[in-house]
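Reader: Please take me closely through one part of this model, the six-stranded sheet and what packs around it, starting from its hairpin. I would like one connected account rather than a list.

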Amino acid sequence: MNKASHQNESRRERLARWLMALCASETTSGSEDQGLPALRAILDELGARIECQPVADGRTNILACWGEPLVLFSTHLDTVPPFILPRREGRVIHGRGACDAKGQIVAQLGAIAELLQEGVRDLAWLGVVGEETDSAGAAAALALADRFRACRALVIGEPTGLKLATGQRGVQHFVLRCRGKAAHSSTPDQGASALWPLMDWLQQLRELERPWDPELGPEVWNLGILQGGDAVNMVPDHALAHVHARVLPGSDLESCIHRLRPAQGEVERRLSEPADRYPMIPGFEHATMPFGSDAPQMRALVPDRTVILAGPGSIAFAHTPDECITLDELEGGVDLDKRLALHFLQS
């Protein structure tokens with residue numbers, strides 16, 4: 001598309017064009033660089049000063065600046081598998097990353113484009129790798145903090161339905177194991193099943209009432225994996241369960257797991273990330289969000305740690321075969337991001 005065509009292109013069609021181009025590349029975690037040509041084309045279109053930050057083989061964070069950054073927009077470059085080719089059906093764009101998070105990229109860069117046209121500068125945008133898996137991009141991005149010494153706010157894009165997240169719950173991952181004694185299934189009294197005490201342990205955890213927070217929502221946990229035994233005709237001598245929890249500040253879930261542990265049980269903690277609260281900004285809608293993000297780690301990029309988590313689209317469609325976003329939502333995201341930028345630029 002030539003320059004004259006770009007100038008005549010409507011706002012909506014430009015957003016659709018950008019999103020279709022970004023979603024056409026498979027950027028599942030670990031292969032984010034496959035999307036760089038389409039992303040760089042958009043950033044070149046906006047006249048950005050681009051800096052690449054290698055994170056690992058095939059994985060690169062991208063920083064784009066316009067002036068001295070006072071407001072930093074950011075979201076992640078990776079998507080979850082499987083890759084789903086994009087398609088447009090009227091005002092809806094389907095495909096992997098449509099809302100999580102290539103739609104966020106489009107909304108943020110759309111806002112920056114319009115602010116630049118209105119004479120507003122001192123903006124930056126940062127795309128990071130690995131949010132869906134290891135947060136390697138967020139960890140590496142902290143080395144860029146000296147670029148943002150004057151920055152007043154970090155706006156991270158996630159599908160929040162155009163509302164500002166009040167915070168996010170912490171994340172904990174435990175592996176619960178039980179040991180037993182193997183035996184032939186015809187003589188179970190000669191063995192000791194590892195599965196029964198594990199199942200009783202999990203049931204006791206299920207019966208515990210979990211707390212609720214007005215800003216962060218309920219504390220919940222999920223039994224993601226349950227395994228045991230080696231054959232259907234054997235008494236299992238080993239069993240394990242993976243418990244993944246979204247916890248509130250001061251959670252006692254880990255102590256409850258240990259307190260209820262049977263004699264043959266073992267507990268391994270594989271992950272523990274604290275809950276985080278985000279500022280309430282007057283004039284904007286706020287809501288609790290059920291998911292996590294890189295925001296707790298990346299807010300260290302801003303001197304006073306001001307972070308906003310917000311963007312277009314619904315988390316209900318993210319990570320599903322039906323992932324999609326409407327062009328109305330994208331335009332709403334542009335409007336929201338512009339308002340946020342102006343709020344902090346004028347403060």
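**The hairpin and its sheet**

Author: In the hairpin of β1 and β2, two residues lie between the strands, and G58 takes a positive phi near 80°. The model is a predicted one, and the angle is computed from it. On either side of this turn the two strands pair: β1 and β2, the latter covering residues 59-66, run antiparallel and are joined by seven bridges. A56 stands opposite R59 of β2. P54 has T60, also in β2, as its bridge partner.

The hairpin belongs to an open sheet of six strands with mixed pairing, in the order β1-β2-β6-β3-β7-β20. Its edges are β1 (49-56) and β20 (307-309); each has a single partner strand, so one side of each is left without a neighbour in the sheet. On average, neighbouring strands here are turned by 20° against each other, direction ignored.

Next comes the helix that lies on this sheet. Helix α9, residues 327-346, lies across β3 (71-76), β6 (123-128), β7 (153-156) and the edge strand β20. Relative to β3, α9 runs at about 145°.

Helix α9 also packs against another helix. Two packed helices are described by the angle between their axes and the distance between the axes. For α4 (residues 102-117) and α9, the axes come within 8 Å and cross at roughly 55°. The two helices are therefore oblique to each other; angles from 35 to 65 degrees fall outside the ranges counted as roughly parallel or roughly perpendicular. The crossing of α4 past α9 is right-handed. On the α4 side, the contact is made by G103, V106, A107, Q108, G110, A111, E114 and L115. On the α9 side, L330, G333, V334, D337, K338, A341 and L342 take part. By class, the residues of this contact divide into eight nonpolar, four polar and three charged.

One of the contact residues of α4, E114, also has a partner elsewhere. The side chains of E114 and R11 meet in a salt bridge, with 2.6 Å from N to O. This pair links distant parts of the chain, as E114 sits in α4 and R11 in helix α2 (residues 11-23), 103 residues apart. In total, the structure holds 26 salt bridges.

From R11 the path leads to the packing of α2. The axes of α2 and helix α3 (residues 36-45) come within 8 Å and cross at roughly 150°. That makes α2 roughly antiparallel to α3, because angles over 145 degrees are counted that way. Here the crossing is left-handed, whereas α4 passes α9 in a right-handed one. The residues in contact are R14, R17, W18, A21 and L22 of α2 with A38, L39, I42 and E45 of α3. This contact has six nonpolar, no polar and three charged residues.

To recap the route: the hairpin of β1 and β2 lies at one end of the strand order, and α9 lies across β3, β6, β7 and β20. Helix α4 makes contact with α9, and the salt bridge of E114 with R11 links α4 to α2.

Conventions:
Residues numbered from 1 in each chain as written. Predicted model: local features only at pLDDT ≥ 70, side-chain atom pairs only at ≥ 80, totals over all residues. Heavy atoms only, no water. Pairing = 2+ DSSP bridges. Helix = DSSP H or I, 4+ residues; strand = E, 2+ residues; numbered from the N terminus. Axes fitted to C-alpha atoms, helices over the stretch in contact; angles between N-to-C directions. Contact = heavy atoms within 4.5 Å. Parallel < 35°, antiparallel > 145°, perpendicular 65-115°, else oblique. Left-handed = near helix turned anticlockwise from the far one by under 90°. Nonpolar A, V, L, I, M, F, W, Y, C, P; charged D, E, K, R; others polar. Salt bridge = Lys/Arg side-chain N within 4 Å of Asp/Glu carboxyl O.
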